[in-house]
Amino acid sequence: MPISTVKVFSEVRRKYSSLVVVLVKKWGIEVSEEWAERELIFYVNGEWVPESQATISVLDQGLLYGFGVFEGIRIYGGGIFKLNEHIDRLYRSAQSAQINIPLTKADLAEICREFVVRNNMKEGHLRIIVTPGKGYTWDTFGSPTTAVFGIPIGRMFESGHEGIRLKTSSLRRTPPECLDPRMKTLNYFNNKLHKMEALAAGVDDAIVLDMRGFVSELSGANFFITKDKTLLTSRKQFILEGVTRATVFELAKKEGFQVIEEDLTLYDVYTADEAFTCGSGYEITPVVEVDGRKIGDGKPGPITSKLQKLYVELTHTEGPWFTKAL
Ligand code: PMP
């Protein structure tokens with residue numbers, strides 16, 4: 001930055017210091033200066049440590065083989081959104097992979113709550129990871145690795161969003177015969193390749209087909225279309241059964257919309273009235289274009305906008321869906 005720009009910038013900052021929020025890049029996102037300077041406190045194997053000391057061995061099976069399970073959860077207004085549902089899914093993934101989680105569900109929930117309190121994090125994203133621990137070879141296991149950590153991120157969209165564009169990935173979703181998509185494992189190699197292909201093509205994300213050629217989901221979120229006021233989404237056996245997807249079912253039913261889980265083809269998508277994606281990260285986001293074809297009139301549709309509004313309201317309202325921390 002030229003010196004003069006720096007000078008003007010610092011003068012503006014001084015004058016409007018209470019109004020200007022300077023954003024700094026950290027953890028791959030933009031955060032306020034305050035967060036950038038603070039060291040967060042993470043939980044690793046029974047200890048609370050500063051982020052710089054929160055380390056896991058290079059011998060960890062999670063690193064060596066992608067062998068482990070995890071969850072990604074949102075923190076809104078100092079409450080953890082649908083924490084019990086995420087913890088239940090973590091235990092199901094672990095049970096299926098024969099990974100022992102060395103804590104009760106209640107203890108794990110308490111650690112998540114403590115994470116929020118220790119970091120005074122009102123808006124953020126929380127991760128839980130569990131692996132079978134150290135072991136250089138396939139069959140050696142130490143004691144399990146458990147970590148709870150996260151970063152401050154704001155609500156993605158306060159209200160409407162103009163919508164995202166997708167392209168069909170050239171690769172397919174890992175089928176249940178190889179790695180059941182309902183397990184949320186640390187092995188996101190397949191998912192990353194879908195996302196990278198989409199970004200390289202200049203769109204926001206990929207629509208991924210299963211091995212039978214039906215639509216499964218996006219690289220890291222579930223997918224819905226609407227047709228004649230009915231919501232349609234892929235069958236659970238071929239996708240990660242999202243916590244947000246289940247929330248969409250509840251919101252849609254409350255509004256009197258029918259939801260059908262069935263095999264969908266790209267033709268169904270191209271000719272849909274509306275499309276949207278959902279996940280803890282994406283929340284509910286309209287999809288306005290797939291493979292260069294406009295969905296509907298190429299703008300977020302009324303059902304999507306309604307559900308999106310209800311979701312924003314839900315994540316702004318206290319209720320049993322929140323585990324209060326702050
Ligand atoms: N599918 C995949 C592959 C994902 O990674 C995610 C994000 N966890 C989702 C769907 C959405 O799941 P959830 O609503 O539980 O965040």
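**Figure 1. A polar side-chain atom of K184 lies 2.7 Å from a nitrogen atom of the ligand.** Welcome to the binding site of this predicted model. K184 is also among the residues that come nearest to the ligand, together with Y188, E217, T244 and S280. The protein leaves little of the ligand open, covering 95% of the 390 Å² of accessible area that the ligand has on its own.

**Figure 2. Side chains of Y188 and T244 each approach ligand oxygen.** For Y188, an N or O atom of the side chain is 2.5 Å from an oxygen atom of the ligand. For T244, a side-chain N or O atom likewise sits 2.5 Å from an oxygen atom of the ligand.

**Figure 3. The shell around the ligand is made up of 17 residues.** Sorted by class, this shell has four nonpolar, nine polar and four charged residues. Which helices each supply at least two residues of the shell? Look for helix 4 (83-97) and helix 7 (243-254). The space that the ligand takes is the largest pocket.

**Figure 4. Stepping back, the protein chain has nine helices and 18 strands.** Its C-alpha trace spans about 60 × 50 × 40 Å along the principal axes. The radius of gyration of the protein chain is 21 Å, which agrees with a compact globule, because a globule of 326 residues would have a value near 20 Å.

How values were computed:
Residues numbered from 1 in each chain as written. Predicted model: local features only at pLDDT ≥ 70, side-chain atom pairs only at ≥ 80, totals over all residues. Heavy atoms only, no water. Near = heavy atom within 4 Å. Polar contact = N/O pair within 3.5 Å; in protein donor to acceptor, adjacent residues only side chain to side chain. Areas by Shrake-Rupley, 256 points an atom, 1.4 Å probe, with all protein chains shown as cover. 1 Å grid on protein atoms, 1.4 Å probe; cavity = no way out; pocket = protein on both sides within 12 Å on 5 of 7 lines; lining within 4 Å. Sits in = over half its atoms within 2 Å of the grid points. Helix = DSSP H or I, 4+ residues; strand = E, 2+ residues; numbered from the N terminus. Nonpolar A, V, L, I, M, F, W, Y, C, P; charged D, E, K, R; others polar. Rg over C-alpha atoms; globule rule 2.2 N^0.38 Å.
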